[in-house]
Every structure is written in C-alpha cells, then in structure tokens.
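Student: I've got a new structure open and I'd like to learn how to read it. Could you walk me through it?

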Amino acid sequence: NLSPEGWFRRRAVRAVLLGEGDGVYLLHMSARGYHKLPGGGINKDESVEEALLRELLEEIGCPAVVQDELGEIVEYRNQEEMEQHSYCYIAMQSGPLVNTALGEGEIDAGARPVFIKSIDEAISLLESDTPESYEGRFIRQRDLMFLREVKSLRKV
C-alpha cells in the first residue's frame, strides 16, 4: 500500500454511460466548473455492479446494463489524505430516463445530467473544462482517461 497510515480509503464506481447513437451521459457540476462521469461511492452492503446501477439511477435517472469493465484508477490525493480506487465500466441505457435522486452535496455543486452526442464531443468538453478545485482537477484527468480508453476500444 502506497498511501500513508491514517489516510481515508474510498472505493468508487463510475461508468461511461452510452445512450442513443453512442451519445454519452455526463454530470455538469456547474458550480464547480467541470463535467464528470456518473458514479460514486460503493456502500458496504452492495457489490460493485449494484453500486454502479444505483449511481446511474440517482445521478442521471438512467436505467442501464453493464457492458464491459474498463479498469481501475487509483488516486492518491495528498491534500485530502485520501486514496481512491475508481472502478470504471461501459454501461448502456436500458430504458427511459426517470427523475434523479441527487444528494445535497451534488445539488450544491450544481449537478445536472447532460447528454453529449458523441465520445469525441465528451472528450473535447472535459478537455476545455477548467476546474478550480483540487478534487475537480483529479476528476477531470481520471474521467478523460476513461473516455479516451472507450474511444480507443470502440475503434477496434
């Protein structure tokens, strides 16, 4: 384990969530200056896949099916004394959108679901984001890595 003793360790899950015509769902964190892939923390009583499907419903309002596992990114956020493991998947919309169930922190951050027409447009959008927060800069880099991986896989 590379992180110092006493650091908070978090397990999280997220998805490159594809909709109609290979469009991509993102969350726009308007009060924070960036976009992010939907996802969040894994509760003790749920599997990674259960957490993913719950998060997609809560944040995007999108029922989905998991298509593929992309991988894991481990972040060491020194300023927050946090080690985060993010497990990422490709998921596909499986039904009509429903109302979101955003948490108070997400509402305060101005979170709202957006549908981007293509992976290329989603990548361009995140590349042009300028998050000011320490956390936002980590999120932007992590999610760009996942989006670029999906783009490379879909060209095969």
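Tutor: Let's go from the whole chain down to single residues. Keep in mind that this is a predicted model.

Student: Fine. How many helices and strands does the chain have, and in what order do the elements run?

Tutor: Start by counting, then read along the chain. You'll find four helices and seven strands. Read from the N terminus, they come as β-β-β-β-α-β-β-α-β-α-α.

Student: What does the radius of gyration say about the chain?

Tutor: The trick is to compare the value with the one a compact globule would have. For 156 residues that would be near 15 Å, and the chain has 15 Å, so the two agree. If you want outer dimensions, the C-alpha atoms fill a box of roughly 45 × 35 × 35 Å along the principal axes.

Student: What share of the residues is buried?

Tutor: Buried residues account for 47% of the 156. For the outside, look at the exposed area: about 8200 Å², with carbon and sulfur atoms supplying 49% of it.

Student: And how many charged side chains are there, positive and negative?

Tutor: Count both signs, then ask where each set is centred. Here there are 18 positive and 28 negative side chains, and the two centres lie 4 Å apart.

Student: What share of the contacts links residues far apart in sequence, say 24 or more positions?

Tutor: Take the contacts with a separation of 6 or more: 72% of them join residues 24 or more positions apart.

Student: Now the strands. Which strands does E1 pair with?

Tutor: For each pair, check the direction and the number of bridges. E1 (residues 8-18) runs parallel to E6 (residues 82-93), with 11 bridges between them. Arg10, for example, sits opposite Gln84 in E6. E1 also pairs with E4 (residues 39-41), this time antiparallel and over three bridges; there Val13 has Gly40 as its bridge partner. Finally, E1 and E2 (residues 24-29) are antiparallel, with two bridges, and Leu17 is partnered by Tyr25.

Student: How are E1 and E2 connected?

Tutor: They form a hairpin, with five residues between the two strands. Within the turn, Gly21 has a positive phi of about 65°.

Student: Which residues have a positive phi without being glycine?

Tutor: Two to look at are Asp22 and Glu81. Asp22 has a phi of about 65° and lies in the loop between E1 and E2. Glu81 has a phi of about 50° and lies in the loop between E5 (64-77) and E6.

Student: Are those two buried or exposed?

Tutor: Neither label quite fits, as there's a class in between. Asp22 counts as partly exposed because its relative accessibility is 33%. Glu81, at 46%, is partly exposed too.

Student: Back to strands: where do side chains point along one?

Tutor: In a regular strand they alternate between the two faces of the sheet.

Student: Can we finish with one residue? Is Ala12 buried or exposed?

Tutor: Ala12 is in strand E1, and its relative accessibility is 0%, so it counts as buried.

Student: What does Ala12 touch?

Tutor: Leave out residues up to four places away in sequence, and its contacts are Gly40, Gly41, Ile42, Gln84, His85, Ser86 and Tyr87. Gly40 is also the bridge partner of Val13 in E4, and Gln84 stands opposite Arg10 in E6. To get a feel for distance, try Ala12 and Leu144: they are 132 residues apart in sequence and 16 Å apart in space, C-alpha to C-alpha.

Note on methods
Residues numbered from 1 in each chain as written. Predicted model: local features only at pLDDT ≥ 70, side-chain atom pairs only at ≥ 80, totals over all residues. Heavy atoms only, no water. Rg over C-alpha atoms; globule rule 2.2 N^0.38 Å. Buried < 20%, exposed > 50% of the residue type's maximum accessible area, 1.4 Å probe, protein only. Contact = heavy atoms within 4.5 Å. Areas by Shrake-Rupley, 256 points an atom, 1.4 Å probe, with all protein chains shown as cover. Lys, Arg positive; Asp, Glu negative; His and termini not counted. Charge placed at Lys NZ, Arg CZ, Asp CG, Glu CD. Pairing = 2+ DSSP bridges.
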